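Please open the structure in your viewer and keep the selection tool at hand. The tour proceeds stop by stop, stating what to select and what is to be found there.

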Amino acid sequence: MQGSRYSDGGSSRYAKRSGSRYADKNGSRGISGKRRRRSPGNQRLLYICVIIFLVLLIICGVGTLLLYRSSHGERPQITVDLETLDSPYAVLMDAESGEVLASKKGEEIIFPASMVKIMTVLTAVENIKKLDTTITMSYDYYETLYEQDASRAGFEPGEEAVIRDLLYGALLPSGAECCMELAVQAAGSETAFVELMNQKAGKLGLTQTHFTNCTGLHNDDQYSTAEEIGKILQAALKNKTFYKVFTTQSYTVQATQVHPEGFTFQSSMFKNMESPTVIGGEIKGGKTGYTDEAGHCLASMAEIGGREYILVTAGWAADPRTEQYHINDAFLAYNQIGRSLAL
């Protein structure tokens, strides 16, 4: 009997085709097995694998969120009594949220002295695009700074300087010449720069702060509160450039034509400390200030128990030669946090 041309025999010219269009009972496409449909069992297995993957992905996401909240979530309960401090004005804040944790006349008007330079450096960083530009220190403001006996970092008139170095010079040794040059570079003049400082204060919602200069030299119309200085520092610390400068203990300026061996300046706060260590952490940075009218001031930040805190103190004593009790106040307050967390 002659074989059907649709048989499985190798003699059929149709069977020799590599991909016959005639499907068998199982739904396969061609005798070679190419383009075979997935069976229902394989599809179900694929769906189950996808679902398991999505469930694992959700579990990992929830776990990550819970870990983040545990480290960045609700602040641990702490108890701090600022009445034990020598400084008549003080405020303690959570650096992340800005929540006021303790206050001692923190809303009363003070003269901020060189704590003003926190806003000066923040305003400069936000308004000068190229911080690594080399400029020449102006001659215009030095005579006035000499007359006012303003503190200086060490740059001389006509000396070349990198703008970034001026940020360190303004915050660490409290250099007034650095502040003045930053003002010129950012806004063309100190007057225009101070307008930017006051605009920034407005954006931060400060209602009891007003600036008249960028150096912190006394002016009856330049004022703030311990709480609002704390808010300025909180905002400034969110800027990576500011944070790095603020938490630096010492900084070396490279050689210039005036200083062929370069020169180094130190933080006015750290140089008066034997150690920045406090219970459960350390003091990371700070800006001191002093005028006869303002007394000793300090805006500092410490990391304790993995969380950052801001302390602003003002108005202590009226003699720059006396012991630095405003720095002792920082240790008193921060150590109370450490003890509270250890309970």
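The stops below begin with the whole chain and then turn to its sheet, its helices and two loops.

**The whole chain**

Please note at the outset that this is a predicted model. Display the entire protein chain, which has 9 helices and 12 strands. Of its 343 residues, 45% count as buried. Among the contacts in the chain with a separation of 6 or more, 61% are accounted for by residues 24 or more positions apart.

**The open sheet**

Select the strands β2, β1, β12, β11, β10 and β9, in that order: these 6 strands form an open sheet with antiparallel pairing. Strands of a sheet pair through backbone hydrogen bonds, either parallel or antiparallel. Which strands lie at the edges? They are β2 (100–104) and β9 (277–278), each of which pairs on one side only.

Now select β1, residues 89–94, which pairs with β2 in the antiparallel sense over 4 bridges. One position to highlight is Met93, whose bridge partner in β2 is Val100. Strand β1 is also joined to β12 by 6 bridges, and these two strands run antiparallel. Here Ala90 may be highlighted together with Thr313, its bridge partner in β12.

Colour β1 by burial. All 6 of the 6 residues of β1 are buried, so the strand is largely enclosed by the rest of the structure. In a regular strand the side chains alternate between the two faces of the sheet. Both faces of β1 are covered: on one side Tyr89, Val91 and Met93 are buried, and on the other Ala90, Leu92 and Asp94 are buried.

Between β1 and β2, select the 5 residues of the hairpin that separate the strands. Within this hairpin, Gly98 takes a positive phi near 85°.

**Helix α9**

Select helix α9, residues 325–342. This helix has 18 residues and reaches 25 Å from its first C-alpha to its last, close to the 26 Å expected at 1.5 Å a residue. Its buried residues include His326, Ile327, Phe331, Tyr334 and Ile337. Add the sheet strands to the view once more: what covers the buried residues of α9 includes β1, β9, β10 (281–291), β11 (295–304) and β12 (307–316).

**Two crossing helices**

Two packed helices are described by the angle between their axes and the distance between the axes. Select α2 (residues 116–127) and α6 (residues 190–203), whose axes come within 10 Å and cross at roughly 100°. The two helices are therefore roughly perpendicular to each other. From α2, the residues that make the contact are Val116, Met119, Thr120, Leu122, Thr123, Ala124, Glu126 and Asn127. From α6, they are Phe193, Leu196, Met197, Lys200 and Ala201. By class, this contact has 8 nonpolar, 3 polar and 2 charged residues.

Centre the view on Leu196 in helix α6. Is this residue buried, partly exposed or exposed? Its relative accessible area is 23%, so Leu196 is partly exposed. Leaving aside neighbours within four places in sequence, Leu196 is in contact with Thr123, Asn127 and Ala187. Its C-alpha atom is separated by 9.7 Å from that of Ala183, 13 residues apart along the chain.

**Helix α4**

Select helix α4, residues 163–171, which is mostly covered, with 8 of its 9 residues buried. Among the buried residues are Asp165, Leu166, Leu167 and Tyr168.

Next, select Ile163, which is found in α4. Ile163 counts as buried because its relative accessibility is 3%. Leaving aside neighbours within four places in sequence, Ile163 is in contact with Ile128, Lys130, Leu131, Thr133, Ile135, Leu182 and Gln185. The C-alpha atoms of Ile163 and Val125, 38 residues apart along the chain, are separated by 9.8 Å.

**Two loop residues with positive phi**

Most residues other than glycine have a negative phi, and most peptide bonds are trans. With this in mind, select Ser174 in the loop between α4 and α5 (176–187). Ser174 has a positive phi of about 65° although it is not a glycine. At 7% relative accessibility, Ser174 counts as buried.

Finally, select Asp149 in the loop between α3 (142–147) and β5 (160–162). Phi of Asp149 is near 55°, a positive value in a residue other than glycine. Is Asp149 buried or exposed? At 69% relative accessibility, Asp149 counts as exposed.

Methods:
Residues are numbered from 1 along each chain as its sequence is written. This is a predicted model: local features need pLDDT of at least 70, side-chain atom pairs count only at pLDDT 80 or more; totals for chains, interfaces and linings use all residues. Side-chain values use heavy atoms; hydrogens and water are left out. Axes are lines fitted to C-alpha atoms, for helices over the stretch in contact, and angles run from 0 to 180 degrees between N-to-C directions. Angles under 35 degrees count as roughly parallel, over 145 as roughly antiparallel, 65 to 115 as roughly perpendicular and the rest as oblique. Contact means heavy atoms within 4.5 Å. Ala, Val, Leu, Ile, Met, Phe, Trp, Tyr, Cys and Pro count as nonpolar, Asp, Glu, Lys and Arg as charged, and the others, Gly among them, as polar. Two strands pair if DSSP finds at least two bridges between them. The expected span of a helix is 1.5 Å times one less than its number of residues. Buried means under 20% relative accessible area, exposed over 50%, partly exposed in between (1.4 Å probe, protein chains only).
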